[in-house]
Amino acid sequence: MRTTAILCRSRAAPRRAVLLSIGGWILAAASASAQPTGQPQRDLPRLTLRAGLHLIHAQVAATPAQRATGLMWRQELGPNEGMLFVFEAPAVQCFWMKNTYVPLTAAFVADDGRIVNLVDMQPLDETSHCSREPVRYVLEMAQGWFAQRGIKAGFRLSGGPFERARATP
């Protein structure tokens, strides 16, 4: 996935629960949740986002280990399923597709839910795809999901961490 170091832990590694606050949402995540090599992570916290009338069921990758694994080793995604990557602070984020078999589109998303830019990524391609400006969130969906719904850069997502940003004057 998205970083040069891949963290691997034994299945026997202890897991400690960590509470994450994402835009006022509290989620529990395992701090030692990197999956063994070759295993997709499916036990991440989930939240529902909205893209206009469309619902997105997103797993949340909020720890460095969860972000490093991302959607690696997944063979398919559900029709409205994706992964929201949450970083500690806005920065230029760059993603790649190492060990990722599903073609994806990455939406680089500002704190207020605005999609900064979208990039299509091909399976197993290690080319870096970066945000055009610093962002804290990246939402990966099956390739074509955004295009099929007419969603482009500038569109605002809502729900989860983006509700609070929109409610603030």
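## Aromatic pairs

The structure holds 5 aromatic pairs. One of them joins F87 and F95 in an edge-to-face arrangement, with 6.3 Å from centre to centre and 75° between the planes. The model is a predicted one, and the distances and angles reported here are computed from it. F87 counts as buried, at 15% relative accessibility, and F95 is likewise buried, with a relative accessible area of 1%.

A further edge-to-face pair is formed by Y137 and F162, whose ring centres are 5.0 Å apart and whose planes meet at 80°. Y137 belongs to strand β10 and F162 to helix α3 (residues 161–167), so this pair ties together parts that are 25 residues apart in sequence. Y137 counts as buried at 5% relative accessibility, and F162 counts as buried at 0%. Ring pairs also link F85, F87, F95 and F108 into a cluster.

## Strand β10 and its partners

Strand β10 spans residues 135–142, and 7 of its 8 residues are buried, so the strand is largely enclosed by the rest of the structure. Strand β5 (residues 81–91) pairs with β10 in the antiparallel sense over 6 bridges. Within this pairing, M83 has E140 of β10 as its bridge partner.

Strand β7 (residues 104–109) also pairs with β10 in the antiparallel sense, over 6 bridges. Here A107 has L139 of β10 as its bridge partner.

## Nonpolar cores

The largest nonpolar core contains 20 residues, of which L49, I56, L84, L139, F146 and L157 touch the most other members. Two or more residues of this core come from each of β3 (46–51), β4 (54–61), β5, β7, β10 and α2 (145–148). Another core, of 19 residues, lies apart from it and includes M83, F87, F108 and M121. In soluble globular proteins, nonpolar side chains tend to be buried together.

The surroundings of L84 can be described residue by residue. Leaving aside residues up to four places away in sequence, L84 touches L49, A58, Q59, V60, A61, Y137, V138, L139, P161 and F162. Among these contacts are Y137 and F162, the two members of the edge-to-face pair between β10 and α3. L139, also touched by L84, is the bridge partner of A107.

## Salt bridges

A search of the whole structure finds 7 salt bridges. One of them joins R46 and E81, with the closest N and O atoms 3.7 Å apart. R46 is in strand β3 and E81 in strand β5, so that the pair links distant parts of the chain, 35 residues apart. R46 is partly exposed, with a relative accessible area of 45%, whereas E81 counts as buried at 15% relative accessibility. R46, R74 and E81 are linked in a network of salt bridges.

R50 forms a salt bridge with E163, the closest N and O atoms being separated by 3.0 Å. This pair too links distant parts of the chain, with R50 in strand β3 and E163 in helix α3, 113 residues apart. R50 is partly exposed, at a relative accessible area of 32%, and E163 counts as partly exposed at 33%. A salt bridge also joins R114 and E133, whose closest N and O atoms are 2.8 Å apart. R114 lies in the loop between β7 and β8, and E133 in the loop between β9 and β10, so the pair ties together parts that are 19 residues apart in sequence. R114 is partly exposed, with a relative accessible area of 24%, and E133 counts as partly exposed at 30% relative accessibility.

## The loop at S128

S128 is placed in the loop between β8 (115–121) and β9 (129–130). The C-alpha atoms of S128 and W96 are separated by 5.0 Å, although these residues are 32 residues apart along the chain. Not counting residues up to four places away in sequence, S128 touches C94 and F95. F95 is also the buried ring that pairs edge-to-face with F87.

## Confidence of the model

The chain averages a pLDDT of 83, and 75% of the residues score at least 70. Over residues 1–21 the pLDDT stays under 50, and the model has 60 contacts beyond four places in sequence for this stretch. Residues 28–35 also have a pLDDT below 50, with 34 contacts in the model beyond near neighbours in sequence.

Note on methods. Residues numbered from 1 in each chain as written. Heavy atoms only, no water. Buried < 20%, exposed > 50% of the residue type's maximum accessible area, 1.4 Å probe, protein only. Helix = DSSP H or I, 4+ residues; strand = E, 2+ residues; numbered from the N terminus. Pairing = 2+ DSSP bridges. Phe/Tyr/Trp six-rings, centres within 6.5 Å; stacked < 30°, edge-to-face > 60°. pLDDT = per-residue confidence, 0-100. Contact = heavy atoms within 4.5 Å. Core = buried A, V, L, I, M, F, W, Y, C linked by side-chain atoms within 4.5 Å. Salt bridge = Lys/Arg side-chain N within 4 Å of Asp/Glu carboxyl O.
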